[in-house]
Amino acid sequence: PTINAQPVSQSVFSGQTATFTIAATTSGGTLHYQWKFDGANVGSDSNSYARSLCVAADSGKTVSCDVTDDNGTT
């Protein structure tokens, strides 16, 4: 798959939701998404992930997404 738009950094207050979105295209098969929060799998097989009820301890943590199709993972 090809990533066309990366998730954007978010700044939210404690208790708010941070929403991350990724745009990807494929030349083979269906796209599948695996979101990660600080290395741990989170979210669902979707091009967006919402981290609800953010807390101060979330500051500096990393949100990423592996995108997979029939050709591999990006």
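Let's start with D58, which touches F37 and R51 once you set aside residues up to four places away in sequence. Keep in mind that you're looking at a predicted model. The protein chain has 0 helices and 8 strands, so with helices and strands as the elements, its pattern along the sequence reads β-β-β-β-β-β-β-β. Below is a quick tour, beginning with D58 and its partners.

**Around D58**

- D58 lies in the loop between β6 and β7.
- Is D58 buried or exposed? Its relative accessibility is 16%, and buried means under 20%, so D58 counts as buried.
- R51, one of the residues D58 touches, also forms a salt bridge with D58. The closest N and O atoms of that pair are 3.5 Å apart.
- R51 has a relative accessibility of 23%, so R51 counts as partly exposed.
- R51 has something going on with F37 too: R51 lies over the face of F37, at 3.7 Å from the ring centre.
- Put those together and you get a little trio: D58 touches both F37 and R51, while R51 lies over the F37 ring.

**The other salt bridges**

- How many salt bridges are there by the rule used here? The count comes to 3, and the R51 and D58 pair is one you've already met.
- The side chains of D66 and K36 meet in another salt bridge, at 3.5 Å from N to O. This pair links distant parts of the chain, with D66 in strand β7 and K36 in strand β4, 30 residues apart.
- D66 has a relative accessibility of 27%, so it counts as partly exposed. K36 sits at 22%, so K36 counts as partly exposed as well.
- K61 and D38 also bring their side chains together in a salt bridge, at 3.7 Å from N to O. Here the link runs from loop to loop: K61 is in the loop between β6 and β7, D38 is in the loop between β4 and β5, and they are 23 residues apart.
- K61 counts as partly exposed because its relative accessibility is 38%.

**Two residues with positive phi**

- Which way does phi go at D38, positive or negative? Phi of D38 is near 55°, a positive value in a residue other than glycine.
- The loop that holds D38 runs between β4 (32-37) and β5 (40-42). D38 is partly exposed because its relative accessible area is 46%.
- L53 isn't a glycine either, and it has a positive phi of about 50°.
- You'll find L53 in the loop between β6 (48-51) and β7 (63-69). With a relative accessible area of 62%, L53 is over the 50% cut-off, so it is exposed.

**How the strands pair**

- β4 and β7 pair in the antiparallel sense over 6 bridges. To spot one on the structure, go to Y33, whose bridge partner in β7 is V67.
- β7 is also joined to strand β8 (residues 72-73) by 2 bridges, and these strands run antiparallel. In that pairing, the bridge partner of D69 in β8 is G72.
- What joins β7 to β8? A hairpin does the job, through 2 residues.

**An aromatic pair**

- A search of the whole structure finds 1 aromatic pair. The partners are W35 and Y49, and they are stacked, at 6.0 Å centre to centre with 25° between the planes.
- This pair links distant parts of the chain: W35 is in strand β4 and Y49 is in strand β6, 14 residues apart.
- Both W35 and Y49 are buried.

**The whole chain**

- The C-alpha trace of the protein chain spans about 40 × 20 × 15 Å along its principal axes.
- The protein chain has 74 residues, and buried residues make up 22% of them.
- The accessible surface comes to about 4,600 Å², and 47% of that belongs to carbon and sulfur atoms.
- Take the contacts between residues at least 6 apart in sequence: 57% of them join residues at least 24 apart.

Definitions and conventions:
Residues are numbered from 1 along each chain as its sequence is written. This is a predicted model: local features need pLDDT of at least 70, side-chain atom pairs count only at pLDDT 80 or more; totals for chains, interfaces and linings use all residues. Side-chain values use heavy atoms; hydrogens and water are left out. Helices (H or I, at least four residues) and strands (E, at least two) are DSSP runs, numbered from the N terminus. Buried means under 20% relative accessible area, exposed over 50%, partly exposed in between (1.4 Å probe, protein chains only). A salt bridge is a side-chain nitrogen of Lys or Arg within 4 Å of a carboxyl oxygen of Asp or Glu. Contact means heavy atoms within 4.5 Å. Two strands pair if DSSP finds at least two bridges between them. Rings of Phe, Tyr and Trp (its six-membered ring) pair if their centres lie within 6.5 Å; planes under 30 degrees apart count as stacked, over 60 as edge-to-face and the rest as tilted. A charge sits over a ring if NZ of Lys or CZ of Arg is within 6 Å of the ring centre and within 35 degrees of the ring normal. Accessible areas come from the Shrake-Rupley method with a 1.4 Å probe; for residues, only the protein chains shown count as cover.
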